[in-house]
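Trainee: Could you take me through the empty space in this model, and show how it relates to the chain around it? I am new to this structure and would value one connected account.

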Amino acid sequence: MDGAMMPAKTTLAIEHLEVGFGSAASVINDVSLTVQEGEFVAIVGPSGCGKSTLLKVIAGLVPSRSGAVQMGRLKIGYMFQRDTLLPWATTASNIAVGLELAGVPKSAHAARIAELLSLVRLDGYESHRPEALSGGMRQRVSLARLLAYEPDIYLMDEPFGALDYQTKILMGRELLRIWDARRRSIVFVTHDIEEAVTLADRVIVMAAHPGRIVATHEIGFERPRDPRRLRSDPRFAAMVETIWSDLSLVD
Ligand code: ADP
Ligand code: MG
């Protein structure tokens, strides 16, 4: 069979997921979604609609009340909004954590760290500690650590949410550049609609009370994408507007 005709392989399948804490009402209600191998899926929705909880259930950190999360024995990489770097460790040592988890032999660390530093454009910063780096640089170290682990699926929870606008755009561009070269599955949570439309193949729109999916949009813009150019494309504005109205149709 022609490669292009092969059916896409499913990386993650979630069916009728119901999640709640204690005896409180469910915070996620009947969520179903699938992520194909190499697909970049963004999830947008207002604060409190259960985006972080959904990622935690996928990662197995929070149990579900009912429904199913099906994922092969995959290496899961998790990136949080706040950087979780070791404060006392240098950039190189922080990245080495990812290499150790991936089982990369010590003798190969230095070369791999140099490669990753260049990939996230932090050459020359290997000996800096997090406190000596800007917020954007710390998130790039986190990204390098994530890449060092070589996950099969990336779960990213508003990874650039705490950054200033310009840095956020630049980080998005870096992520796309890296993703274009590797094409791993990504579930990228954000409350920023423009960021979602810029990055993803598919945008899933959630609403709150209870957290549920209200719309799904295929984002067909050609790749590789240039985030700056894309933002001035009228089709981009139209898609952002569509998602805005999805969100305003519900509470
Ligand atoms: P989002 O990431 O979309 O802002 P969250 O997934 O963090 O939303 O939270 C969804 C809802 O679940 C919120 O109402 C929040 O208060 C509740 N919630 C999240 N984690 C817990 C927890 N550990 N215990 C109780 N309630 C929680
Ligand atoms: Mg959250």
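**Space within and around the fold**

Mentor: In this predicted model, 72% of the contacts in the chain with a separation of 6 or more are made by residues 24 or more positions apart. The chain that makes these contacts has eight helices and nine strands, and its C-alpha trace spans about 50 × 50 × 45 Å along the principal axes. A compact globule of 251 residues would have a radius of gyration near 18 Å, and the chain agrees with this because its own value is 18 Å. Of the 251 residues, 48% are buried. The accessible surface is about 12,300 Å², and carbon and sulfur atoms hold 53% of that area.

With this frame in place, we may turn to the space itself. Rolling a probe the size of a water molecule over the atoms shows where empty space is left.

We begin with the pockets, which are open. The largest pocket holds about 230 Å³ of space. Its lining is made of 15 residues, and those nearest the centre of the pocket are G77, Y78, L101, R145 and L146. Several elements meet here: strand 5 (76-79), helix 2 (91-101) and helix 4 (135-149) each give at least two residues to the lining of the largest pocket. Sorted by class, that lining has eight nonpolar residues, four polar ones and three charged ones.

The second largest pocket has a volume of about 170 Å³. Among its 14 lining residues, T10, T11, E37, L74 and D152 lie nearest the centre. Strand 1 (residues 10-19) supplies four residues, the largest share of the lining of this second pocket. The class division here is three nonpolar, six polar and five charged residues.

Next come the cavities, which the probe cannot leave. There are two of 30 Å³ or more. The largest cavity contains about 80 Å³ of space. Its wall is formed by Y165, K168, I169, G172, R173, D192, E195, T198, L199, P227 and R231. Helix 5 (165-182) and helix 6 (193-199) each provide at least two of the residues in the lining of the largest cavity, and helix 5 gives the most, with five residues. In terms of class, this lining has four nonpolar, two polar and five charged residues.

Helix 5 returns at the second largest cavity, where it again gives the most to the lining, this time with four residues. This cavity holds about 50 Å³. L147, Y154, L175, I178, W179, R182, R183, R184 and I186 line it. The class composition of the lining of the second largest cavity is six nonpolar residues, three charged residues and no polar residue.

The loops beside these elements also repay attention. Most residues other than glycine have a negative phi, and most peptide bonds are trans. In the loop between strand 6 (153-157) and helix 5 stands E158. The phi of E158 is near 40°, a positive value in a residue other than glycine. E158 is buried, because its relative accessible area is 10% and buried means under 20%.

H209, by contrast, counts as exposed, because its relative accessibility is 69% and exposed means over 50%. H209 sits in the loop between strand 8 and strand 9, and has a positive phi of about 55° although it is not a glycine. H209 is also joined to P210 by a cis peptide bond, with omega about -10°. P210 lies in the loop that runs from strand 8 (202-207) to strand 9 (212-218).

Another cis peptide bond links R223 and P224, with omega about -5°. P224 belongs to the loop between strand 9 and helix 7 (227-230). P227, named above in the lining of the largest cavity, has the number at which helix 7 (227-230) begins.

Finally, helix 1 (residues 51-59) has K51, T53, L54, L55, V57 and I58 as its buried residues. Just after helix 1 comes G60, which takes a positive phi of about 80°.

Terms used
Residues are numbered from 1 along each chain as its sequence is written. Chains are lettered from A and ligands numbered from 1 in the order in which they are written. This is a predicted model: local features need pLDDT of at least 70, side-chain atom pairs count only at pLDDT 80 or more; totals for chains, interfaces and linings use all residues. Side-chain values use heavy atoms; hydrogens and water are left out. On a 1 Å grid over the protein atoms alone, a cavity is a set of points where a 1.4 Å probe fits but cannot get out, and a pocket is an open set with protein on both sides within 12 Å along at least five of seven lines; lining residues have an atom within 4 Å of a point. Grid points are joined across faces, edges and corners, and a volume is the space filled by probe spheres set on the points. Ala, Val, Leu, Ile, Met, Phe, Trp, Tyr, Cys and Pro count as nonpolar, Asp, Glu, Lys and Arg as charged, and the others, Gly among them, as polar. The radius of gyration is taken over C-alpha atoms; the globule rule is 2.2 Å times the number of residues to the power 0.38. Buried means under 20% relative accessible area, exposed over 50%, partly exposed in between (1.4 Å probe, protein chains only). Contact means heavy atoms within 4.5 Å. Accessible areas come from the Shrake-Rupley method with a 1.4 Å probe; for residues, only the protein chains shown count as cover.
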